[in-house]
Amino acid sequence: MREPGPASDCGTPVEKERLAMLDTAQFKDRLLGRKHELYRLLHRIESDLEATPNPDAEERATERENDEVLEEIGNTGLGELAAIDAALNRIEAGTFGICPKCGQPISPARLAAVPHAALCEECIKR
């Protein structure tokens, strides 16, 4: 395990107490809400990608370029879905908010910004 650096107090008793007080139900609700948003987005992307191509050659070229962008957005969404599912599994397992790499708490500020964060700030920098 690591000792927290001077810029981080994520290993102090105060921070551990804050972590113990995390409202995992609130995080679960946020994660599930985002998951549903992503499913809607991915469904729209899939519908757009399956649309009948335009008969005009120039329009088809533009559509192909747009399809590439949509595919990239879809791949990013799939990655976020995987991270959300992993975070939901950590909530169920009782390990949510603990960095698996160093065993220290993930700061509540980081979890508020990125609820599916798996690593603490120090480990993500490494």
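Phe27 has a relative accessibility of 8% and therefore counts as buried. Phe27 is one partner of an aromatic pair with Phe96 in this predicted model, and this briefing starts from that pair before turning to the chain as a whole, its nonpolar core, its cysteines and one arginine. The chain has 126 residues, of which 29% are buried, and its secondary structure consists of five helices and zero strands.

**The aromatic pair**

- The structure holds one aromatic pair, and its two members are Phe27 and Phe96, whose ring centres are 5.2 Å apart and whose planes meet at 50°, an arrangement described as tilted.
- The pair links distant parts of the chain, since Phe27 belongs to helix 2 (residues 24–50) while Phe96 sits in the loop between helix 3 (57–93) and helix 4 (108–113), with 69 residues separating the two.
- Like Phe27, which is buried at 8%, Phe96 counts as buried, because its relative accessibility is 7% and the cut-off for buried is under 20%.

**The chain as a whole**

- Read from the N terminus, the order of elements is α-α-α-α-α.
- Among the contacts in the chain with a separation of 6 or more, 61% are between residues 24 or more positions apart.
- The chain exposes a surface of about 8200 Å², and carbon and sulfur atoms supply 54% of that area.

**The annotated region**

- A UniProt record, which is an unreviewed entry, lists residues 94–123 as "domain: Zinc finger DksA/TraR C4-type".
- In the model, residues 94–123 are 30% helix and 0% strand, and the C-alpha atoms at the two ends of this stretch lie 20 Å apart.

**The nonpolar core**

- The largest nonpolar core has 19 residues, and those with the most contacts inside it are Leu31, Ile91, Phe96, Cys99, Leu111 and Cys120.
- Helix 2 and helix 3 are the elements that give two or more residues to this core, and helix 3 provides the largest share, with six residues.
- Phe96 therefore appears in two settings, as a buried residue at 7% relative accessibility that belongs to the aromatic pair and as one of the residues with the most contacts inside the core.

**The cysteines**

- How many disulfides does a search of the whole structure find? The search finds zero disulfides.
- Cys99 is in no disulfide, and the nearest cysteine sulfur, which belongs to Cys123, is 3.7 Å away.
- For Cys102 the closest cysteine sulfur is again in Cys123, at 3.7 Å, which is too far for a bond because a disulfide needs the two sulfur atoms within 2.5 Å.
- Cys99 is buried, with a relative accessible area of 1%, and Cys102 also counts as buried, at 7% relative accessibility.
- Leaving aside neighbours within four places in sequence, Cys99 is in contact with Gln104, Ile106, Ala118, Leu119, Cys120 and Cys123.

**Arg30 in helix 2**

- Arg30 lies in helix 2, and is it buried or partly exposed? With a relative accessibility of 37%, Arg30 counts as partly exposed, because that value falls between the 20% limit for buried and the 50% limit for exposed.
- When residues up to four places away in sequence are not counted, Arg30 touches Leu111, Ala112 and Pro115, and one of these, Leu111, is also among the residues with the most contacts inside the largest nonpolar core.
- Arg30 and Ile84 are 54 residues apart in sequence, and their C-alpha atoms are 9.9 Å apart in space.

Methods: Residues numbered from 1 in each chain as written. Predicted model: local features only at pLDDT ≥ 70, side-chain atom pairs only at ≥ 80, totals over all residues. Heavy atoms only, no water. Helix = DSSP H or I, 4+ residues; strand = E, 2+ residues; numbered from the N terminus. Buried < 20%, exposed > 50% of the residue type's maximum accessible area, 1.4 Å probe, protein only. Contact = heavy atoms within 4.5 Å. Areas by Shrake-Rupley, 256 points an atom, 1.4 Å probe, with all protein chains shown as cover. Phe/Tyr/Trp six-rings, centres within 6.5 Å; stacked < 30°, edge-to-face > 60°. UniProt positions renumbered as here; feature names shortened; annotations may be inferred. Core = buried A, V, L, I, M, F, W, Y, C linked by side-chain atoms within 4.5 Å.
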